[in-house]
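Visitor: I should like to learn how to read the features of a protein model. May we begin with contacts and then proceed to the strands and helices?

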Amino acid sequence: MSTPLLEVKNLKKFFPIKGGIFGKTVARVHAVDDVSFTMKHGETLGLVGESGCGKSTLGRTVLRLYEPTAGGIQFDGQDLLGLSPSELRAKRRDLQIIFQDPFSSLNPRMTVGSILAEPFIIHKLGTKKEIEGKVKDLLNVVGMPSEAHDRYPHEFSGGQRQRIGIARALALNPKLIVADEPVSALDVSIQSQILNLMVDLRKKFNLSYLFVAHDLAVIEHISDKVAVMYLGKIVEYAYGDDLYANPRHPYTKALIAAIPVPDVDKVKEKQILLGDVPSPINPPSGCYFHPRCPFAQERCKIEAPLPRNLGSPQKPHIVACHYA
């Protein structure tokens, strides 16, 4: 059996809230709360949920841009949390990120050529002439003209800037890219172009994506597996075709029911979630979803559901719900 590319076990990330004269920790934000999942080489895992559920924090904690509060991260058979700063710096060649806002993630004072050359310079990969050739190759791969080399980020459209961000993430031939809502800031007409580009690049370079989004239609287009997050926890985890055809968790059902259907004659049953998302500072007892769940029982208020596999060993469908 091959080693998973990424194995996350019981990962937690809590942010302290300081208060009082002495700045003591008075509370904690439970941003990521006991999350576990695995990813294979060349696989795309879609991470979906409402805004504020911890998707982006999970992605950044996996890359150690945030240091986890507890848990373990194995990347390509290596303990990512046991690496020294210098070892982690070298390992970052295999771990890259595409940010949500392509404008704020690019240095406005640097030309596109300088931005794309920076990873090669930091890791001392090639001479000046070799780096220039690699930068031109990157621009070509993401469908940008060669004259973009000497221009600045503000001279490009949002879609073009995101292509530059993708090129920067590809520069060092990574194995895993965390895509943090890479199309949510773009026009709908441009979103499909960027998604198709990412699909093509995945096949060409055998990439793996941890794809963060709140749009289930986008996730369905690009993902092999889907993990649904609610208030810092993964409540459902399954292969994409299985999850969309047969959602088991009430929260997943409500999210899928909210996907717009472009057919006016097709009647779709809506499931409206009542109330607001509870505060991650003081999450509910028992099942975190029970205050908004239309099927909640007394047990749900007291006992937190453990993840159960309702699929097969070959095709798991894991759900954290007492009554799924």
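Guide: Let us begin with a definition: two residues are in contact when heavy atoms of theirs lie within 4.5 Å. Please bear in mind that this is a predicted model.

Visitor: With which residues is Met198 in contact, leaving aside its neighbours within four places in sequence?

Guide: Met198 is in contact with Ile98, Ile166, Ala179, Pro182, Tyr209, Phe211 and Ile222.

Visitor: How should I read such a group, and which residues have the most contacts inside the largest nonpolar core?

Guide: In soluble globular proteins, nonpolar side chains tend to be buried together. Here the largest nonpolar core has 58 residues, and those with the most contacts inside it are Ile166, Met198 and Phe211. Helix α6 gives the most to this core, with six residues. There is also a second, separate core of 29 residues, which includes Leu5, Leu58, Val178 and Ile234.

Visitor: Which residues of helix α3 are buried?

Guide: In α3, residues 112-122, the buried residues are Val112, Gly113, Ile115, Leu116, Ala117, Pro119 and Phe120. The buried residues of this helix pack against α4 (128-141) and α5.

Visitor: How does one read a sheet, and what is the order of strands in the open sheet of eight strands?

Guide: Strands of a sheet pair through backbone hydrogen bonds, either parallel or antiparallel. In this model the open sheet of eight strands has the order β6-β7-β8-β3-β9-β10-β12-β11, and its pairing is mixed. The strands β6 (95-98) and β11 (308-309) stand at the edges; each has a single partner strand, so one side of each is left without a neighbour in the sheet. The partner of β11 is β12 (residues 317-319), to which two bridges join it in antiparallel fashion. Within that pairing, Asn309 has Ile318 in β12 as its bridge partner.

Visitor: Which helices lie across these strands?

Guide: Among them is α1 (residues 55-62), which lies across β3 (44-48), β6, β7 (176-180), β8 and β9 (225-230), and runs at about 150° to β8. Another is α5 (residues 158-170), which lies across β6 and β7 and runs at about 175° to β6.

Visitor: How many bridges join β1 to β2, and how many join β1 to β4?

Guide: Strand β1 (residues 6-19) and strand β2 (residues 24-39) run antiparallel and are joined by 12 bridges. They form a hairpin with four residues between them, and Gly20 in the turn has a positive phi of about 80°. Along this pairing, Ile17 stands opposite Ala27 in β2. Five bridges join β1 to β4 (residues 70-75), also an antiparallel arrangement, and there Lys9 stands opposite Gly72.

Visitor: How should a positive phi be read, and which residues other than glycine have one?

Guide: Most residues other than glycine have a negative phi. Among the cases here are Asn10, with phi near 50°, and Asn206, with phi of about 55°. Asn10 is found in strand β1, whereas Asn206 is in the loop between α6 (188-205) and β8 (208-213). A further case is Lys124, which follows α3 and has a positive phi near 55°.

Visitor: Why does Asn206 count as exposed, and why does Asn10 count as partly exposed?

Guide: The cut-offs are under 20% relative accessible area for buried and over 50% for exposed, with partly exposed in between. Asn206 counts as exposed because its relative accessibility is 52%. Asn10, with a relative accessible area of 43%, is therefore partly exposed.

Visitor: Is Lys225 buried or exposed?

Guide: Lys225, found in strand β9, counts as buried because its relative accessibility is 7%. Not counting residues up to four places away in sequence, Lys225 touches Lys40, Glu43, Thr44, Leu45, Gly46, Tyr237, Ala238, Tyr239 and Gly240. The C-alpha atoms of Lys225 and Asp242 are separated by 9.1 Å, and these residues are 17 residues apart along the chain.

Visitor: Finally, how many aromatic pairs are found, and which lysines lie over the face of a ring?

Guide: Four aromatic pairs are found in the whole structure. Tyr230, Tyr251 and Phe289 form one aromatic cluster. Lys13 lies over the face of Phe15, at 5.0 Å from the ring centre, and Lys233 lies over the face of Tyr288, at 5.2 Å from the ring centre.

Key: Residues numbered from 1 in each chain as written. Predicted model: local features only at pLDDT ≥ 70, side-chain atom pairs only at ≥ 80, totals over all residues. Heavy atoms only, no water. Pairing = 2+ DSSP bridges. Buried < 20%, exposed > 50% of the residue type's maximum accessible area, 1.4 Å probe, protein only. Axes fitted to C-alpha atoms, helices over the stretch in contact; angles between N-to-C directions. Phe/Tyr/Trp six-rings, centres within 6.5 Å; stacked < 30°, edge-to-face > 60°. Lys NZ or Arg CZ within 6 Å of the ring centre and 35° of its normal. Core = buried A, V, L, I, M, F, W, Y, C linked by side-chain atoms within 4.5 Å.
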